[in-house]
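User: I would like to learn how to read the features of a structure model one at a time, with the general idea set out before the particular case. Could we begin with charged side chains that pair with one another?

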Amino acid sequence: MLLFGVSSAWFVSRYEFRFRRQIEWLLILPLTIPSYIVGYAYAGIFDYGGSMDLLFRKVGLEFIRIDIMNRAGLAFVLSISLFPYVYVSARAFFLNQANNLLEASKMLGVGERKTFFRLMLPLARPAIIAGLVLVLMEVLNDYGAATYYGVNTFTTGIFRSWFSLGEPQTAVYLSALLILIIFALILFEKWQVRKVKFTTSKTDGSHI
């Protein structure tokens, strides 16, 4: 998710290619589809008689079966559904900062690849972390896809404690703990942003 979100943001903001404008906005569309619907769709695609199963049969690979009804499958579904959070935040940074920094690096004789890993990624860290925080909140909040894939998560534990086990006190405790985790993620994201801003201001002031 992190790799695809950042790399796609870099390519659409840095390079010109055919249908770039269309792809630039299509990459945001997964956010419009609830994760549980994406989970149902992929479960049908990889299930017996699904699209992938029929494809394997046609090419003589009917012995291959891909089971995604597990934690790895849920991670794949949530990554496909939520990577646009990282993509949007990283893309906004690259569009506003990439050209000036790359031109300065070229004038100093530094290659684009080295500039990306040594300069652009560290500077884009607050934007990337902001997107990751949103993803983590969505993952902690997910119930439909996790229940369908049979994976125990924080949210499914809350529902199970309340409705199945009849322990509302435990459900309230887990809910409060979930809220504390979310607040911790928000504070961490704000701390990262302030840290980078302070470093930038300190560096600028030393050259005056």
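Analyst: In this predicted model, a useful pair to begin with is Glu24 and Arg20, which both lie in helix 2 (residues 20-26), 4 residues apart, about one turn of the helix. To read such a pair, one asks whether a side-chain nitrogen of Lys or Arg comes within 4 Å of a carboxyl oxygen of Asp or Glu. The side chains of Glu24 and Arg20 do meet in a salt bridge, at 3.8 Å from N to O.

User: Are Glu24 and Arg20 buried or exposed?

Analyst: Both Glu24 and Arg20 are buried, a label that applies under 20% relative accessible area. For Arg20 the relative accessibility is 6%.

User: Which other residue meets the side chain of Arg20 in a salt bridge, and how is that residue placed with respect to the surface?

Analyst: Glu16 also forms a salt bridge with Arg20, with an N to O distance of 3.2 Å. The label of Glu16 follows from its accessibility: the relative accessible area is 65%, so Glu16 is exposed, whereas Arg20 at 6% counts as buried.

User: How many salt bridges are there in the whole structure, and where might I look for one in helix 4?

Analyst: A search of the whole structure finds 5 salt bridges. In helix 4 one can look at Arg57 and Asp53, whose closest N and O atoms are 3.1 Å apart. Arg57 and Asp53 are separated by about one helical turn because they are 4 residues apart in that helix. Asp53, at 5% relative accessibility, counts as buried, while Arg57, at 36%, counts as partly exposed. Elsewhere, salt bridges that share partners join Glu16, Arg20, Arg21, Glu24 and Arg91 into one network.

User: Asp53 brings me to enclosed space. How many cavities of 30 Å³ or more are counted, and which residues line the largest cavity?

Analyst: The general idea of a cavity is a space where a probe fits but cannot get out. Here the count comes to 1 cavity of 30 Å³ or more, and about 30 Å³ of space lies in the largest cavity. Its lining consists of Phe46, Met52, Asp53, Phe56, Ile64, Arg65 and Ile66. By residue class, the lining divides into 5 nonpolar, no polar and 2 charged residues. Helix 4 (residues 51-58) gives the most to this lining, with 3 residues.

User: How should I read a small polar residue such as Ser8, and what does it touch?

Analyst: One reads its accessibility together with its surroundings. Ser8 lies in helix 1 (residues 2-14) and is buried, with a relative accessible area of 9%. A polar atom of the Ser8 side chain lies 3.1 Å from the backbone oxygen of Gly5. Not counting residues up to four places away in sequence, Ser8 touches Leu27, Phe83 and Tyr87.

User: Which residues are in contact with Ser81, leaving aside its neighbours within four places in sequence?

Analyst: Those contacts are Pro30, Leu31, Ser35 and Val38. Ser81 itself lies in helix 5 (residues 71-107), and at 3% relative accessibility it counts as buried.

User: What can a backbone angle tell me, for instance the phi of Phe19?

Analyst: The general idea is that most residues other than glycine have a negative phi. Phe19 has a positive phi of about 65° although it is not a glycine, and Phe19 lies in the loop between helix 1 and helix 2. A positive phi, near 65°, is also found at Gly166, which follows helix 9. The buried residues of helix 9 (residues 154-164) are Thr155, Thr156, Gly157, Ile158 and Ser161.

User: Finally, how far apart are residues that are distant along the chain, such as Gly150 and Arg71?

Analyst: Separation along the chain and separation in space are read as two values. The C-alpha atoms of Gly150 and Arg71, 79 residues apart along the chain, are separated by 8.3 Å. Gly150 lies in the loop between helix 8 (144-148) and helix 9, and at 61% relative accessibility Gly150 counts as exposed. For Ala176 and Leu123, 53 residues apart along the chain, the C-alpha separation is 34 Å. Ala176 lies in helix 10 (residues 168-206) and is partly exposed, with a relative accessible area of 39%.

Notes: Residues numbered from 1 in each chain as written. Predicted model: local features only at pLDDT ≥ 70, side-chain atom pairs only at ≥ 80, totals over all residues. Heavy atoms only, no water. 1 Å grid on protein atoms, 1.4 Å probe; cavity = no way out; pocket = protein on both sides within 12 Å on 5 of 7 lines; lining within 4 Å. Points joined across faces, edges and corners; volume = space filled by probe spheres on them. Helix = DSSP H or I, 4+ residues; strand = E, 2+ residues; numbered from the N terminus. Nonpolar A, V, L, I, M, F, W, Y, C, P; charged D, E, K, R; others polar. Buried < 20%, exposed > 50% of the residue type's maximum accessible area, 1.4 Å probe, protein only. Contact = heavy atoms within 4.5 Å. Polar contact = N/O pair within 3.5 Å; in protein donor to acceptor, adjacent residues only side chain to side chain.
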